[in-house]
Amino acid sequence: HLVTFNQPPQAQIVRTGETLQISVATGGARPQTFPWLFNGSPIAGQTSDTLWIPNVTTAQVGLYSCRVSNN
C-alpha cells in the first residue's frame, strides 16, 4: 500500500525546557500508523501523526524519525 508524505518532518532546534512538536502530513490508504523513533529506537506511546515531548532535557538530544505504515 502506498503512503506519501505531503509534509515530511521539518528539522528544528529546541532548547532545554521547551516543548518539541514534530508533525507529518501523509496521503494514501488509511488507516495509517505513525511509530516515532529516537536514535532508531521506538518511543513508547508516540504513535500519532504528531510527536509531542514537553520540557525537553539534554538526554533527549538526538535524531527523531517516523515510520508511516498502512499495513
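# Notebook: an all-strand predicted model

I started in a turn: N39 sits in the loop between strand 4 and strand 5. I'm working from a predicted model here. The backbone at N39 caught my eye, since N39 has a positive phi of about 50° although it is not a glycine. I looked up its accessibility too, and N39 is partly exposed at 47% relative accessible area.

**Another asparagine**

I then pulled up N55, which also has a positive phi of about 50° without being a glycine. Its place is the loop between strand 6 and strand 7. Is N55 buried or exposed? N55 comes out at 52% relative accessibility, so it counts as exposed; the cut-off for that class is over 50%.

**Overall layout**

I stepped back for the secondary structure and found zero helices and seven strands. Along the sequence that reads β-β-β-β-β-β-β. The protein has 71 residues, and 25% of them count as buried. For surface, I noted about 4900 Å² exposed, with carbon and sulfur atoms supplying 54% of that. I also checked contact range: of the contacts with a separation of 6 or more, 58% are between residues 24 or more positions apart.

**The sheet with strands 5, 4 and 7**

I traced three strands forming an open sheet in the order 5-4-7, with antiparallel pairing. Strands 5 and 7 are at the edges with a single partner strand each, so one side of each has no neighbour in the sheet. Strand 4 and strand 7 pair over three bridges, in the antiparallel sense. For one bridge I wrote down the partners: W36 goes with C66 in strand 7.

Next I clicked on L37, also in strand 4. L37 counts as buried, at 6% relative accessibility. Which residues touch L37, once its neighbours within four places in sequence are left aside? I get P42, I43, L63, Y64, S65 and R67. The C-alpha atoms of L37 and C66 are separated by 6.0 Å, though their positions lie 29 residues apart along the chain.

On the edge, I picked S41, which lies in strand 5 (residues 41–42). S41 is partly exposed, with a relative accessible area of 42%. I took its C-alpha to C-alpha distance to Y64 as well: 9.2 Å in space, for 23 residues in sequence.

**Aromatic pair**

How many aromatic pairs does a search of the whole structure find? I got one. The pair is F38 with Y64, tilted, at 4.8 Å centre to centre and 40° between the planes. F38 belongs to strand 4 (residues 36–38) and Y64 to strand 7, so to speak a link between distant parts of the chain, 26 residues apart. I compared burial for the two rings' residues. Y64 is buried, at 18% relative accessible area, whereas F38 counts as partly exposed at 21%. The line between those classes is drawn at 20%, so I wouldn't read much into the two labels.

**Nonpolar core**

I listed the largest nonpolar core next, and it has twelve residues: L20, I22, V24, F34, W36, I43, L51, I53, V56, Y64, C66 and V68. Strand 2 (20–23), strand 6 (50–53) and strand 7 (64–66) each supply at least two residues of this core. As a general note to self, nonpolar side chains tend to be buried together in soluble globular proteins. I took I43 as one core member to look around from. Leaving aside its neighbours within four places in sequence, I43 is in contact with W36, L37, F38, L51 and Y64.

**Strands 2 and 6**

Strand 2 shows an alternation I could follow by eye. L20 and I22 point to one face and are buried, while Q21 and S23 point to the other face and are not buried. Strand 2 pairs with strand 6 in the antiparallel sense, over four bridges. Which residue of strand 6 is the bridge partner of Q21? That turned out to be W52.

**Last stop: T26**

I finished in strand 3 (residues 25–28), where T26 is found. T26 is buried, with a relative accessible area of 10%. I then looked at what its side chain meets, and found a polar contact of 2.4 Å joining the side chains of T26 and Q32.

Conventions. Residues numbered from 1 in each chain as written. Predicted model: local features only at pLDDT ≥ 70, side-chain atom pairs only at ≥ 80, totals over all residues. Heavy atoms only, no water. Buried < 20%, exposed > 50% of the residue type's maximum accessible area, 1.4 Å probe, protein only. Contact = heavy atoms within 4.5 Å. Areas by Shrake-Rupley, 256 points an atom, 1.4 Å probe, with all protein chains shown as cover. Core = buried A, V, L, I, M, F, W, Y, C linked by side-chain atoms within 4.5 Å. Phe/Tyr/Trp six-rings, centres within 6.5 Å; stacked < 30°, edge-to-face > 60°. Pairing = 2+ DSSP bridges. Polar contact = N/O pair within 3.5 Å; in protein donor to acceptor, adjacent residues only side chain to side chain.
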